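Visitor: Before we turn to the binding site, please take me through the reasoning behind each label.

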Amino acid sequence: MAATVKNLIGGEWVDARSGATMDSINPATEEIVAVVPKSGPDDVKAAVAAAKAAYHPWRLTPAPRRGEILYRVGQILTERKEALARLMTQEMGKVIAEARGDVQEAIDMAFYMGGEGRRLLGYTAPVELPNKFGMALRDSVGVVGLITPWNFPIAIPSWKSLPALVAGNTVVFKPASDTPNLGVEFARVFHDARLPPGVFNVITGPGGSVGNAIVNDPEVKVISFTGSTEIGYSLYAEAARYGKKVSLELGGKNAIIVMDDANFDLAVEAILWSAFGTTGQRCTATSRLIVQKGIAPRLTEALAARAKKLTLGYGLDASVDVGPLVNEGARKTVHSYVEIGKGEGARLLCGGKPADKDKGFFYEVTIFDQVKPDMRIAQEEIFGPVLSIIECGTLEEAIEINNNTAFGLSSSIFTENVTAAFRAIRDLSTGIVYINHGTIGAEIQFPFGGTRGTGNGMREAGQTALDTFTEWKAVYVDYSGRLQRAQIDTDAILGEE
Ligand code: UN1
């Protein structure tokens with residue numbers, strides 16, 4: 001039976017002011033999973049006001065206490081891991097093992113950022129005048145707006161909210177329209193961890209009205225967004241009008257390079273996992289395979305044979321390899337790219353059409369070879385189970401093909417040659433680089449993000465996440481009891497005129 005859920009504003013569970021609702025659909029069965037508030041700008045206003053009212057007390061709560069609440073969040077997520085994972089498979093389609101991994105990523109982040117409650121490290125440095133002290137501190141920013149996608153419905157909200165909260169900010173969170181129920185369940189974890197009312201608010205609704213209202217509310221000081229490049233760039237321009245800090249995590253066109261000397265069996269496993277895991281709907285998914293000529297025929301044949309054996313189905317069944325696409329629109333987009341690929345002269349090796357099933361937005365796992373680096377299917381993000389195989393001659397050529405796209409999130413090379421591996425580390429110009437592993441599977445303690453059109457230079461996760469959600473404050477304490485002028489009175493110390 002479909003759940004009916006509410007927004008969380010100022011610690012209260014409330015409907016949209018207008019009373020409007022929208023449905024969240026199971027992409028495997030097309031049944032309604034939940035009925036959620038279809039919020040609008042008024043609801044955003046209320047959430048921002050609640051977050052603003054909660055800000056000063058939260059900011060003045062000692063950071064170790066804030067961290068302890070995050071530990072409780074980690075504990076509750078651990079207790080609810082299986083239930084949240086099942087809900088995730090139902091609401092967005094990823095297979096159950098991957099859904100558990102998604103929740104685990106949030107658990108990891110909760111304990112990692114909980115620890116930041118006793119770190120949030122600043123630094124001291126020597127100063128140039130006597131009887132004077134200098135230090136640099138991280139300070140909170142204020143109300144932050146978090147707008148997240150459906151493909152990692154628990155993990156990505158955790159990457160954004162947990163560093164924001166430990167640093168002393170308060171949150172207005174808008175989950176994706178395809179996974180609003182999970183967004184509300186995520187908020188429930190904070191509520192049940194006894195986070196003070198108003199520190200974390202969730203409002204569900206369409207990006208057009210709710211997302212825009214968050215971006216255009218002057219009280220929201222930071223925007224962290226993960227989604228399409230088109231929307232990301234446009235909200236970046238909007239937010240710039242208010243001088244807001246913006247962190248963008250956008251598209252990818254990630255490649256695995258396979259050199260002739262690669263561990264063949266390992267490469268096959270890694271390519272299938274990175275290209276077709278999460279039905280290709282990860283920002284980090286492998287959508288290009290750049291393969292050296294010597295190994296290309298054998299690798300292509302092995303991949304096509306193995307891909308045909310992957311089982312498509314409802315991800316609650318643990319034997320299923322690949323779930324559905326998130327909605328009908330996504331399936332249409334994927335299919336239109338397959339048509340484009342055929343039109344461009346690439347050769348279709350397998351898949352290339354919606355799967356033959358009564359219900360659900362399933363699409364067959366698809367591989368093209370004879371793809372040229374400048375074809376649209378090798379340049380544009382498809383966000384589905386479509387792999388394009390491009391042949392290359394040398395390592396230099398492979399690296400050049402890898403780097404020559406509008407995106408720069410993740411890349412990978414399979415080689416047993418340490419010299420080639422280190423050259424790749426040096427020259428692959430993406431934010432994440434893997435050696436002998438596919439392009440997916442980043443861990444939360446390292447920076448996550450990419451170059452070029454993948455973002456705006458910010459990084460999520462790791463220590464770098466704190467840069468989005470803090471301002472640096474430089475503090476000088478002069479205990480000399482007299483006026484000491486920096487850059488001017490320093491000469492006197494050396495006895496110079
Ligand atoms: C995403 O695709 O937006 O590295 C996030 C990975 C996961 C996160 C992916 N840990 O593939």
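Guide: Domain bounds come from an automatic or database domain assignment, and here the protein chain is divided into domain 1 (3-250) and domain 2 (254-435). This is a predicted model, in which local features need pLDDT of at least 70 and side-chain atom pairs pLDDT 80 or more, while totals for chains, interfaces and linings use all residues. Residues are numbered from 1 along each chain as its sequence is written, and side-chain values use heavy atoms, without hydrogens or water.

Visitor: Why is the ligand said to lie between domain 1 and domain 2?

Guide: Both domains give residues to the shell around the ligand, so the ligand lies between them. That shell, counted as residues with a heavy atom within 4 Å of the ligand, includes Asn 151, Trp 159, Arg 282 and Cys 283.

Visitor: What makes the approach of Arg 282 to an oxygen atom of the ligand a polar contact?

Guide: A polar contact is a pair of N or O atoms within 3.5 Å; a polar side-chain atom of Arg 282 lies 2.8 Å from a ligand oxygen, so the pair qualifies. Backbone N or O atoms also qualify, at 2.7 Å for Cys 283 and at 3.0 Å for Gly 441.

Visitor: How much of the ligand does the protein bury?

Guide: By the Shrake-Rupley method with a 1.4 Å probe, the ligand taken alone exposes 320 Å², and the protein buries 98% of that.

Key: Polar contact = N/O pair within 3.5 Å; in protein donor to acceptor, adjacent residues only side chain to side chain.
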